[in-house]
Amino acid sequence: ATRRTSSRTSATAALCAAAAAAPSAKPSLQQAVDASSALQRQMAEQGGAASSVAEGLEFKPALPAPKLPAAKPTGLQGLLASLDGKKKMSTMEKSRHDWGNFKSKQDEATRDEMDRFAKDGYLAKQAFLARTDERQAEVARSNRRRGMGLKD
């Protein structure tokens, strides 16, 4: 157990040494992968000691090896690449564009029918709710006044 612990500490020591080289920065993903592979090699070298502890078990990594992101071009090349790329549409822009195209392709009768069934929309609904709230407040006020014996 002591031998296995010392080999693990040497692999983690390699990771810590890499972190100590750049104290303000976190260890990179590549350094972590290298430390993990060093630990796996050391565990494989100690096959005899490990097999006495757990026979029939094999080492399987908990997660697949991470894929490193591709480096983006920087400087003038990055600027040129960003200018050449197509501008992506958001979902809302695409929906608005598609709906506008659909409405423009319809004949006049269909457009009139769509307008008739569109109701009044958000602003009309808000105005209706405001009138309803005002009416309820008037009814509540008159009920309170009646309860106190006052006339409206």
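How many aromatic pairs does a search of the whole structure find? The search finds one aromatic pair, and a view further down shows the two rings up close.

**View 1. The whole protein is a predicted model built from helices.** What you see here is a predicted model, not an experimental structure. Its secondary structure comes to seven helices and zero strands. Follow the chain along the sequence and the pattern reads α-α-α-α-α-α-α. Of the 152 residues in the protein, buried ones make up 6%. The accessible surface comes to about 13400 Å², and carbon and sulfur atoms account for 58% of that. Now take the contacts with a separation of 6 or more: 45% of them join residues 24 or more positions apart.

**View 2. Confidence varies along the chain.** The protein averages a pLDDT of 75, and 70% of the residues score at least 70. Among the elements, α7 has the highest mean pLDDT, at 91. At the other end of the scale sits helix α3 (residues 47-53), which has the lowest mean, 51. Residues 1-5 have a pLDDT below 50, and this stretch has three contacts in the model beyond near neighbours in sequence. A word of caution for such places: where pLDDT is low, the predicted coordinates should not be read in detail.

**View 3. Two aromatic rings stack in helix α5.** Here is the aromatic pair from the opening question, the one that the search finds. W99 and F102 are stacked, with 5.4 Å from centre to centre and 25° between the planes. Both residues lie in helix α5, three residues apart, which is about one turn of the helix. How accessible are the partners? W99 is partly exposed, at a relative accessible area of 44%. F102 also counts as partly exposed, with 39% relative accessibility.

**View 4. K94 and D98 form a salt bridge, again in helix α5.** The count for the structure comes to three salt bridges, and this view takes up one of them. As general background, side chains of opposite charge can pair when their charged atoms come close. In this bridge the closest N and O atoms of K94 and D98 are 3.1 Å apart. The two residues are separated by about one helical turn, because they sit four residues apart in helix α5 (residues 91-105). K94 is partly exposed, with a relative accessible area of 41%. D98 is partly exposed as well, with a value of 36%.

**View 5. E108 and R111 pair up in helix α6.** The side chains of these two residues, E108 and R111, meet in a salt bridge at 4.0 Å, N to O. Both belong to helix α6 (residues 108-117), where they are three residues apart, or about one turn of the helix. E108 counts as partly exposed at 48% relative accessibility. Its partner R111 is partly exposed too, with a relative accessible area of 33%.

**View 6. E138 and R135 make a salt bridge in helix α7.** N to O, the distance in the bridge between E138 and R135 is 3.7 Å. Helix α7 runs over residues 122-147, and the two partners are about one helical turn from each other because they are three residues apart in it. Is R135 buried or exposed? R135 counts as exposed, at 52% relative accessibility. E138 is partly exposed, and its relative accessible area is 42%. The helix that holds this bridge, α7, is also the element with the highest mean pLDDT.

**View 7. Four leucines make a nonpolar patch on the surface.** Which residues make the nonpolar surface patch of about 440 Å²? They are L76, L79, L80 and L83. One of them, L76, is found in helix α4, which covers residues 75-84. With 61% relative accessibility, L76 counts as exposed.

Notes. Residues are numbered from 1 along each chain as its sequence is written. This is a predicted model: local features need pLDDT of at least 70, side-chain atom pairs count only at pLDDT 80 or more; totals for chains, interfaces and linings use all residues. Side-chain values use heavy atoms; hydrogens and water are left out. Buried means under 20% relative accessible area, exposed over 50%, partly exposed in between (1.4 Å probe, protein chains only). Patches are made of residues with over 30% relative accessible area and no salt bridge: like charges are joined within 9 Å, nonpolar side chains (Val, Leu, Ile, Met, Phe, Trp, Tyr) within 5 Å. Accessible areas come from the Shrake-Rupley method with a 1.4 Å probe; for residues, only the protein chains shown count as cover. Contact means heavy atoms within 4.5 Å. Rings of Phe, Tyr and Trp (its six-membered ring) pair if their centres lie within 6.5 Å; planes under 30 degrees apart count as stacked, over 60 as edge-to-face and the rest as tilted. pLDDT is the predictor's confidence in each residue, from 0 to 100.
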